[in-house]
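User: Please take one part of this model and look at it closely, following the strand pairing first and then the side-chain contacts that go with it. A connected account would serve me better than a list.

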Amino acid sequence: MSRFFQPRYIFFAFSLVLVCCAVAQDIFTPVEQQQVSVETPGLFERSNAFTVDFSTLSEKEYSFPLPVGKGEVREHSDIEVTTVKGDAVKAMFDGTVRLSRNNPLLGNVIVVRHANGLETVYANNAQNLVKVGQKVKAGETVAIVGQMGEKYACLVSVMVDGRKINPETILDVKAHRLRKQVLLIEKHGQRIKVSVQQKEKVEEGGAGMVTEPFAKGNVYRWNLAEMGANAWHYPLPNSKVISPYGGKRNHAGVDLKTKPNDQIRAAFDGVVTRSGPYYGYGNCIVIRHPNGLETLYSHQSKNLVKVGQKVKAGDVIGLTGRTGRATTEHLHLETSFMGKRFNPNVIFNHARHALQNSTIVFTKKGKGIMVHSEPNKR
């Protein structure tokens, strides 16, 4: 049995903040800057549904708007968070400020547009501290709480395409806790429907669990030369690279092309944790592998696997397409390790459609992960 599949497992997740096709932007129309409730351009352009995965967000990627406040859900899907004078209002997730102004009904109000397709609204502020187009991080101060009668409170709401959604689908408001689940968001005419996708269920010791890579220290070494012939598969055989990792546009993966509706294969054994439309990624699949690695495949014309399904290396998981933001039929491939996205070239020799003859070294440093490759001695 390869070291890649040891019998001791623990579940790991990584944050799929999909930056290469983010909804957030730097420039907004006058209407977007003035009106709280406006449709998000392009959100449902290619599909009437997308998913948002909160199950993999780390602690630093979410913040309750007023961490020491008391939250209660009011009518009209607003959260009223009461606190003390002068308290700081925090952004819930990373995003870009779309609106920051005074509103006759809401007072000083801020709207932040997030890369996952959602928008968060912070109203009744004594003072707004951010400007339109400014990028903010989860937990960053965006405003100072305002007075509401004899108390100090912020009104918070969550929107999709200009419509408020039930915040309790996302938050345990009283506990300030983010619900770790995957949401399916659908548009039916003028109505937005939000539902919880069935969570992945795996038994102890199953393929959906991963070996603790840092059980013996802060360094985990993965020797690709030790992978057996049946333990891996090149995701798109006979393909060529049409867009590399990185570059001027900070490409988050590598684009591979063959022909329309070509068969895409799982790179390694694992469990499907995402399978569905995701905004600019179009039809998107994420597979979690037994050593903490995750691979992402997108723009499929059709996904052939479901969330929770166990797959083997080489299994056909989808067909190449151009769903989402794509100008030609191709496969967009990303690789991540415990939340750290890295160049797929570290694993694959794309010219030879083979694994690299190297050892990948993952080093845990604080809350981050460093990745580098060491050539194997021949």
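Analyst: In this predicted model, strand E16 pairs with strand E30 (residues 358-365) in the antiparallel sense, and five bridges make up that pairing. One bridge can be picked out by its residues: Asn223 has Thr359 as its bridge partner in E30. The pair belongs to an open sheet of three strands, whose order is E16-E30-E31 and whose pairing is antiparallel. E16 and E31 are the edge strands, each of them pairing on one side only. From one strand to the next, the twist averages 20°.

The two edge strands are also linked through their side chains, since Glu374 and Arg221 form a salt bridge in which the closest N and O atoms are 2.7 Å apart. Glu374 lies in strand E31 (residues 368-375) and Arg221 in strand E16 (residues 219-223), so this salt bridge ties together parts that are 153 residues apart in sequence. As for accessibility, Glu374 has a relative accessible area of 29% and is therefore partly exposed, while Arg221, at 47%, also counts as partly exposed, because that class covers values between 20% and 50%.

Elsewhere, salt bridges that share partners join Glu32, Arg98, Arg113 and Glu119 into one network. Within this network, Glu119 forms a salt bridge with Arg98, and the closest N and O atoms of the two are 2.7 Å apart. Because Glu119 lies in strand E7 (residues 118-128) and Arg98 in strand E5 (residues 95-103), the pair ties together parts that are 21 residues apart in sequence. Glu119 is buried, with a relative accessible area of 1%, and Arg98, at 0%, counts as buried as well. Asp161 and Arg163 form a further salt bridge, with an N to O distance of 2.9 Å, and both of these residues are buried. The count of salt bridges in the model comes to 16.

A second open sheet of three strands can be read in a similar manner: the order is E19-E25-E23, and the pairing is antiparallel. Strand E19 (263-265) and strand E23 (302-303) stand at its edges with a single partner strand each, so one side of each is left without a neighbour in the sheet. E23 is joined to strand E25 (residues 316-319) by two bridges, the strands running antiparallel, and Asn303 has Gly318 as its bridge partner in E25.

Asn303 leads on to another strand through its side chain, which makes a polar contact of 3.4 Å with the side chain of Ser275. Ser275 lies in strand E20 (residues 270-277) and is buried, its relative accessible area being 16%; this value falls in the buried class because the cut-off is under 20%. A polar atom of the Ser275 side chain also lies 2.6 Å from the backbone oxygen of Val305. Leaving aside residues up to four places away in sequence, Ser275 touches Cys284, Ile285, Asn303, Val305, Lys306 and Val307. Asn303 thus appears twice in this part of the account, as the bridge partner of Gly318 and as a side-chain polar contact of Ser275.

Note on methods: Residues numbered from 1 in each chain as written. Predicted model: local features only at pLDDT ≥ 70, side-chain atom pairs only at ≥ 80, totals over all residues. Heavy atoms only, no water. Pairing = 2+ DSSP bridges. Helix = DSSP H or I, 4+ residues; strand = E, 2+ residues; numbered from the N terminus. Salt bridge = Lys/Arg side-chain N within 4 Å of Asp/Glu carboxyl O. Buried < 20%, exposed > 50% of the residue type's maximum accessible area, 1.4 Å probe, protein only. Axes fitted to C-alpha atoms, helices over the stretch in contact; angles between N-to-C directions. Polar contact = N/O pair within 3.5 Å; in protein donor to acceptor, adjacent residues only side chain to side chain. Contact = heavy atoms within 4.5 Å.
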